[in-house]
Amino acid sequence: MTVFAGQVANAEAGPITTFIIRRFVAHYGVNMDEAVNPDIRSYRTFNDFFTRALLLDRRPIAQADYISPADGTISQLGIISGDQIFQAKGHNYSAVALVGGDIKLAEKFQGGSFATVYLSPKDYHRVHMPCDGRLTRMIHVPGALFSVNPRTVRGVPALFARNERVICVFESESGPFVLALVGATIVGSVSTVWHGVVNPRDSEDAREVREWRYDSQDLVFRKGDEMGRFQLGSTVVALFPKNSLVFNPLWAPNRNVRFGEMMAMKADDHNN
C-alpha cells in the first residue's frame with residue numbers, strides 16, 4: 001500500500017492529480033492561503049503539493065533558544081527516564097532502539113529531554129532546525145510502517161522504535177541533539193536538504209541500516225532552516241542532553257503547535 005501510494009503521489013496525471021489535491025484540501029481543511037503557491041491546478045504531482053512551501057511571514061521565528069521544528073500536535077514531551085522515552089500510557093521505548101542500536105549515541109541523552117510532534121495530513125510537512133547546529137551523522141533504520149496517528153500510538157508498543165526512521169545527529173552550543181524523522185503507513189519517503197531522498201522504495205540498500213558521517217564537512221544550519229521533509233505525514237522525535245533546556249510551559253500533550261513558535265529555553269537562561 002505504501003509503495004502504491006508513493007507511485008500515485010509522484011504521478012504527473014494532470015486533471016486527475018488536480019482532482020486528488022482538491023479533494024484532499026477539502027477533506028482535511030488545508031489552508032492554501034498560507035502557501036507560496038496557492039493554485040491547486042499548478043502542482044504537477046501530489047507530492048509537490050504535499051511538500052509545498054509556506055509564506056515566510058506566516059511562521060515568524062520566536063525569540064527563543066529552541067523553536068518548534070514543525071507544524072503538528074504534541075504527542076508527548078518530557079524527561080528521558082534513564083534510557084526510556086514515554087510514548088503513551090503503558091508504553092515506553094528505549095533511546096538505544098530509536099537511534100538504531102547505537103549505545104554510545106543513546107547514552108548522550110540519558111536523563112535528557114524529548115519532544116514528539118505528530119504531523120497530521122493537513123499539516124505543513126517540512127521540518128526545520130529547532131536551534132543552530134552542525135550535522136555530524138545520519139542513520140537510516142529500516143522498519144515497519146505502522147500508522148502514527150494518536151490511536152495507534154496508544155496501542156502499538158515501542159512504535160517509534162519499530163517504524164522506519166531517519167536519525168539526524170547534530171552538535172550545538174549545548175551539546176548534541178537528534179531529530180528523528182519517523183515514517184508511517186503510506187509515507188512515500190523521507191528526504192533531507194543535504195542528501196535528498198534517503199529511503200527510495202525501489203532500493204535494496206534501503207532494507208539495511210545505513211549511516212553517513214559528516215564530521216569532516218562544515219554542514220551548519222541555523223535555527224529555522226529547513227532540514228528535511230516528509231512525502232506524506234509522519235512524526236518528529238527530538239532528543240536533547242540532560243539539563244540542556246526547559247520546555248515552554250504552554251507545551252503539553254495534544255496541544256497543536258506551529259513551526260517557529262517557542263519550544264524551550266536553555267536551562268541556564270531559565271535558571272537566571
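**Exercise 1. Find out how much surface the protein exposes, and what supplies it.**

Step 1. The exposed surface comes to about 12500 Å². Accessible areas like this one come from the Shrake-Rupley method with a 1.4 Å probe, and for residues only the protein chains shown count as cover.

Step 2. Carbon and sulfur atoms supply 51% of that area.

Step 3. Before going on, know what you are looking at: this is a predicted model, where local features need pLDDT of at least 70, side-chain atom pairs count only at pLDDT 80 or more, and totals for chains, interfaces and linings use all residues. Residues are numbered from 1 along each chain as its sequence is written, and side-chain values use heavy atoms, with hydrogens and water left out.

**Exercise 2. Sketch the overall build of the protein.**

Step 1. Count the elements: there are seven helices and 18 strands. Helices (H or I, at least four residues) and strands (E, at least two) are DSSP runs, numbered from the N terminus.

Step 2. Now look at burial. Of the 272 residues, 53% are buried; buried means under 20% relative accessible area, exposed means over 50%, and partly exposed is in between (1.4 Å probe, protein chains only).

Step 3. Then check the contacts, meaning heavy atoms within 4.5 Å. Of those with a separation of 6 or more, 75% are between residues 24 or more positions apart.

**Exercise 3. Locate the nonpolar residues, inside and outside.**

Step 1. Start with a rule of thumb: in soluble globular proteins, nonpolar side chains tend to be buried together.

Step 2. Look for nonpolar cores, which are sets of buried Ala, Val, Leu, Ile, Met, Phe, Trp, Tyr and Cys residues joined through side-chain atoms within 4.5 Å. The largest has 35 residues, and those touching the most other members are Met138, Phe170, Leu179, Trp194, Met227 and Met263. A second, separate core has 24 residues, including Val141, Ala161, Val178 and Ala180.

Step 3. Zoom in on Met263. Leaving aside neighbours within four places in sequence, Met263 is in contact with residues including Tyr66, Pro130, Phe240 and Trp251.

Step 4. Now go outside. Ile16, Phe19 and Ile20 make a nonpolar surface patch of about 290 Å². Patches are made of residues with over 30% relative accessible area and no salt bridge, with like charges joined within 9 Å and nonpolar side chains (Val, Leu, Ile, Met, Phe, Trp, Tyr) within 5 Å. Phe19 belongs to helix α2, which covers residues 15-28.

**Exercise 4. Work through three salt bridges and place their partners.**

Step 1. Get the rule straight: a salt bridge is a side-chain nitrogen of Lys or Arg within 4 Å of a carboxyl oxygen of Asp or Glu. The count by this rule is 15.

Step 2. Take Arg59 and Glu34, whose closest N and O atoms are 3.1 Å apart. Arg59 sits in the loop between α3 (46-50) and β1 (66-67) and Glu34 in the loop between α2 and α3, so this pair ties together parts 25 residues apart in sequence. Both ends count as buried, Arg59 at 7% relative accessibility and Glu34 at 9%.

Step 3. Next come Lys266 and Glu173, again with 3.1 Å from N to O. Lys266 is in strand β18 (residues 262-266) and Glu173 in the loop between β8 (165-172) and β9 (175-182), 93 residues apart. Lys266 is partly exposed at 25%, while Glu173 is exposed at 75%.

Step 4. Finish with Arg213 and Asp215, a bridge of 3.1 Å, N to O. Salt bridges with shared partners join Asp102, Arg137, Glu211, Arg213 and Asp215 into one network.

**Exercise 5. Describe the surroundings of Thr51.**

Step 1. Place Thr51: you'll find this residue in the loop between α3 and β1. At 7% relative accessibility, Thr51 is buried.

Step 2. Follow the side chain, which reaches the backbone oxygen of Asn47 at 2.8 Å. That's a polar contact: a pair of N or O atoms within 3.5 Å, where within protein one must be able to donate a hydrogen and the other to accept it, and residues adjacent in sequence count only if both atoms are side-chain atoms.

Step 3. List the neighbours. Not counting residues up to four places away in sequence, Thr51 touches Arg126, Arg229, Phe230 and Gln231.
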